[in-house]
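Colleague: Could you take me through this model step by step, with the reasoning spelled out for someone in the first year of study?

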Amino acid sequence: MMISSSLISCAVSAARAAGAHALQNQHRRGEVIASFKHDVKLKLDVECQQIIEDIVLKTFPQHAFLGEESSKHETIDNEYVWVADPIDGTVNFTHGFPYWCTSIAVQRNGETVAGAVYAPALQELYTAEKDKEAFCNDTPVRVSKTAGLKQSMVMTGMDRDNEPGHEPYSIFRAIADNTQKARITGSAALDICQVAAGRADGYFESCIYLWDIAAAGLIAQQAGGQTEIIHYPSDNIYRMRFIASNGIIHNELRALIKAHLHN
Ligand code: LIP
């Protein structure tokens with residue numbers, strides 16, 4: 001039986017190593033592999049993922065690895081799967097905006113059992129293990145006590161394929177109209193960690209991927225929050241809609257979102 005603390009130590013080591021590589025190489029943020037209207041892929045995304053994969057598979061050679069930059073995103077048949085986003089918030093990174101992170105989750109039979117989210121430019125490391133407290137820089141974190149959606153600050157995002165009239169616009173408008181503030185800051189993993197730390201009350205995003213939310217989702221849960229996946233009917237098994245909240249506003253937030261989904 002694998003000892004969970006080894007999993008978390010390895011996740012932290014890999015997140016720190018990849019995050020440090022990205023931070024030290026910020027001057028190379030213009031080295032682009034592919035660019036899209038609303039997104040970009042950097043050489044550093046690929047390099048950081050390789051650093052993570054090497055550390056993980058050297059430590060746990062029997063485990064499987066799934067990364068945002070992996071060439072294939074198909075179903076993996078292994079008890080343990082490591083799920084990584086080497087730079088979550090790549091667009092922020094390319095602009096020199098410090099809100100980006102490395103996110104690493106360990107899933108056992110499809111359930112996240114350990115997660116690390118490291119934001120080098122903010123000097124914050126969020127961690128959690130199943131059935132234990134969540135931490136930011138070794139200090140326990142807890143979700144907010146905000147009692148209603150009207151008083152809440154809720155974070156959301158726009159995906160790469162966003163076009164006028166798409167679901168994220170309707171959802172943003174709904175959140176903006178029904179909360180104290182809607183926020184878009186550009187890193188799903190860090191946004192969910194803000195919910196864990198009680199600095200935001202909720203998070204929702206359409207078209208988000210497992211590597212964006214797996215580690216931070218566990219961190220939010222272990223900080224006392226509630227998370228929920230709303231699956232799409234088909235296509236990419238790793239693509240989903242995702243809600244994280246302080247638990248208290250969860251039903252209100254879910255109802256608002258469900259009323260504005262496009263399909
Ligand atoms: C990004 C997210 C961001 C979201 C984008 C994208 P990447 O991840 O974290 O918040 O709105 O759709 O998925 O591509 O920077 O790793």
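Modeller: Let us begin with a charged pair, keeping in mind that the model is predicted.

Colleague: Which residue meets the side chain of E111 in a salt bridge?

Modeller: In this predicted model, a salt bridge needs a side-chain nitrogen of Lys or Arg within 4 Å of a carboxyl oxygen of Asp or Glu. For E111 the N to O distance is 3.2 Å, and the residue that supplies the nitrogen is K130.

Colleague: Where do E111 and K130 lie, and how many residues apart in sequence are the parts that the pair ties together?

Modeller: E111 belongs to strand β6 (residues 111–119), whereas K130 sits in the loop between β7 (124–129) and β8 (134–136). The pair therefore ties together parts of the chain whose separation in sequence is 19 residues.

Colleague: Is K130 buried, partly exposed or exposed?

Modeller: Buried means under 20% relative accessible area and exposed means over 50%, with partly exposed in between. K130 has a relative accessibility of 32%, and its partner E111, at 39%, counts as partly exposed. By the same cut-offs, K130 counts as partly exposed.

Colleague: Which residue forms a salt bridge with E47, and where is that residue?

Modeller: The closest N and O atoms of this pair are 2.6 Å apart, and the partner of E47 is R28. E47 is in helix α2 (residues 43–59), so the pair links distant parts of the chain, 19 residues apart, with R28 placed in the loop between α1 (4–24) and β1 (32–36).

Colleague: Is R28 buried or exposed?

Modeller: E47 has a relative accessible area of 26% and is partly exposed. For R28 the relative accessible area is 17%, and because buried means under 20%, R28 is buried.

Colleague: What is the relative accessible area of E129, which forms a salt bridge with K132?

Modeller: The closest N and O atoms of E129 and K132 are 3.6 Å apart. K132 is partly exposed, with a relative accessible area of 42%, whereas E129 is buried, with a value of 11%.

Colleague: How many salt bridges does the count come to?

Modeller: The pairs discussed above include E111 with K130 and E129 with K132. Salt bridges that share partners also join R28, E31 and E47 into one network. The count for salt bridges comes to eleven.

Colleague: Why does C101 form no bond with the closest cysteine sulfur, and in which residue is that sulfur?

Modeller: A disulfide needs two cysteine sulfur atoms within 2.5 Å, and a search of the whole structure finds zero disulfides. C101 is buried, with a relative accessible area of 0%. Its sulfur is too far for a bond because a distance of 6.8 Å separates it from the closest cysteine sulfur, which is in C193.

Colleague: Which strands stand at the edges of the open sheet formed by five strands?

Modeller: The five strands follow the order β11-β10-β12-β14-β13, and their pairing is mixed. Each edge strand has a single partner strand, so one side of each is left without a neighbour in the sheet; the edge strands are β11 (181–184) and β13 (226–231).

Colleague: Which strands does helix α6 touch as it packs on the sheet?

Modeller: Within the sheet, strand β12 (residues 202–209) and strand β14 (residues 239–245) pair in the antiparallel sense over six bridges, and Y203 stands opposite A244 in β14. Helix α6 (residues 210–222) has a direction that makes about 155 degrees with that of β12, and the strands it touches are β12, β13 and β14.

Terms used. Residues numbered from 1 in each chain as written. Predicted model: local features only at pLDDT ≥ 70, side-chain atom pairs only at ≥ 80, totals over all residues. Heavy atoms only, no water. Buried < 20%, exposed > 50% of the residue type's maximum accessible area, 1.4 Å probe, protein only. Helix = DSSP H or I, 4+ residues; strand = E, 2+ residues; numbered from the N terminus. Pairing = 2+ DSSP bridges. Contact = heavy atoms within 4.5 Å. Axes fitted to C-alpha atoms, helices over the stretch in contact; angles between N-to-C directions.
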